[in-house]
Amino acid sequence: MKLKPIFAFIAFFLALPAVFARNAVFSNEDYSIALAYTDTTFPGDAVFVHMTLTATNKKIAAEATSATLTLLNQDSKQVDKATFYTLSTSKSKSSVDMLCGVAVTLWQKSGNYTAKVVYKPFGLEQMEFSLPVSVLDKTFVSETIELNETNTGIRTDASPKRAEQTQKLSRVLTDFDKSALFQVRKFALPTPETRRTAFFGDRRVFKYSNGKSDTSYHYGIDFGVPTGSSVTACASGKIVMAEERIVTGWTVVIEHLPGLFSLYYHLNAFNVQLGQTVKMGDIIGQSGSTGLATGPHLHWQMSLNGQAVNPDFFTNDFAFIEE
């Protein structure tokens, strides 16, 4: 069985920094697919595909549907891959609403990319289709940060304790819970403060007190807020980490969707515990300067499929469900 190559593309562009999106419709004699997806993005952002499959042949409606999304670069090499999760299914199982997101890693070059969807609809044979994605150029800030002796020690800490903390966070951010469907509507900023002291994707040079240096990316957004300022959950979710760490200080991590987490670093204190559910806007702690910090601030970060992604991307209608 072949899927009819009916592409009804309707592009609708929103003002920056909103998500650029395109609609598409596919159909054949057994089912139809209506979808919206991110067709234009930037390095460090993401590509989301929201699709609804509807069975037109009642004989096939009872079987489950599964799908994966793979982002391929200009050389057809995989950038990221993830499995679709089900947002809702009709009582008759004749319609299924699915969502999936993949990360466009920071070091990707601009150009024409491909989002490949491989799916098995209603128990029928596996099919696939490809969607064009444009990755645009983006200029990132470069900065040099001078560290005192204390921060140099934190930055260069090679202790087993720090290694275990790094491994633990990695496990948390790659332990996807398919039932974690807490919020698909656009997220909110974790503080009313608008002053940003560092940006996502900054290229950093750390100068140590011993005269040495190294380089890294900045994987979040820093807000310049005084110690003790309220920090709120950017979206509804479940607390999957709330503890003190060597580099990030008092840290909270919230799971929002399968593979999608928000992280809050350098807190002075937090008032949540592991396994607790929170709603968007709930106070989860207070800002501070714990861990590797040159002053009081809130570091806010997002992780998708274990990759750092631009938090601002999620303050827009990333899942294409807003009316």
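Where in the chain is the place of serine 76? This note on the predicted model takes up that residue among its numbered points.

1. Serine 76. The place of serine 76 is the loop between β5 (66-72) and β6 (78-83). Its phi angle is near 65 degrees, which is a positive value in a residue other than glycine. With a relative accessible area of 57%, serine 76 is exposed, the cut-off for that word being over 50%.

2. Phenylalanine 320. A positive phi in a residue other than glycine is also found at phenylalanine 320, where the angle is near 60 degrees. This residue belongs to the segment after β23. Phenylalanine 320 has a relative accessible area of 14% and is therefore buried, since that term applies under 20%. A reader who inspects the backbone may wish to view serine 76, which is exposed, alongside phenylalanine 320, which is buried.

3. Overall build. The protein contains two helices and 23 strands. Its C-alpha trace spans about 70 × 40 × 40 Å along the principal axes. The radius of gyration is 21 Å, and this agrees with the value near 20 Å that a compact globule of 323 residues would have. Of the contacts between residues at least 6 apart in sequence, 67% join residues that are at least 24 apart.

4. Surface and charge. Half of the chain is out of reach by the criterion used here, in that buried residues make up 50% of the 323 residues. The accessible surface amounts to about 15,000 Å², and carbon and sulfur atoms account for 50% of that area. The protein carries 30 positive and 30 negative charges, and the mean positions of these two sets lie 4 Å apart.

5. Salt bridge between glutamate 243 and lysine 168. The model has a count of seven salt bridges, and one of them joins glutamate 243 to lysine 168, with the closest N and O atoms 2.7 Å apart. Glutamate 243 lies in strand β17 (residues 237-245) and lysine 168 in helix α2 (residues 160-174), so this pair ties together parts that are 75 residues apart in sequence. Lysine 168 counts as partly exposed, because its relative accessibility is 32%.

6. Salt bridge between aspartate 312 and arginine 196. Here the side chains meet with an N to O distance of 2.8 Å. The pair links distant parts of the chain, since aspartate 312 is in the segment after β23 (307-309) and arginine 196 is in strand β12 (residues 196-198), 116 residues apart. Arginine 196, at 26% relative accessibility, counts as partly exposed.

7. Salt bridge between aspartate 222 and arginine 204. In this pair the closest N and O atoms are 3.5 Å apart, which lies within the 4 Å cut-off for a salt bridge. Aspartate 222 is in strand β15 (residues 220-223) and arginine 204 is in strand β13 (residues 203-207), so the pair ties together parts 18 residues apart in sequence. Aspartate 222 and arginine 204 are both buried. Through salt bridges that share partners, Glu143, Arg204 and Asp222 are joined into one network.

8. Glycine 220. Strand β15, which holds aspartate 222, is also the place of glycine 220. Glycine 220 counts as buried, because its relative accessibility is 0%. The C-alpha atoms of glycine 220 and tryptophan 300 are separated by 5.4 Å, although the two residues are 80 residues apart along the chain. When neighbours within four places in sequence are left aside, the contacts of glycine 220 are Phe199, Phe200, His299, Trp300 and Gln301.

9. Glycine 237. Strand β17, which holds glutamate 243, is the place of glycine 237. At 0% relative accessibility, glycine 237 counts as buried. Residues up to four places away in sequence are not counted in its list of contacts, which consists of Phe182, Ile254, Glu255, His256, Gln276, Thr277 and Val278. Glycine 237 and leucine 260 are 23 residues apart in sequence, and their C-alpha atoms are 9.9 Å apart in space.

Note on methods:
Residues numbered from 1 in each chain as written. Heavy atoms only, no water. Helix = DSSP H or I, 4+ residues; strand = E, 2+ residues; numbered from the N terminus. Buried < 20%, exposed > 50% of the residue type's maximum accessible area, 1.4 Å probe, protein only. Rg over C-alpha atoms; globule rule 2.2 N^0.38 Å. Contact = heavy atoms within 4.5 Å. Areas by Shrake-Rupley, 256 points an atom, 1.4 Å probe, with all protein chains shown as cover. Lys, Arg positive; Asp, Glu negative; His and termini not counted. Charge placed at Lys NZ, Arg CZ, Asp CG, Glu CD.
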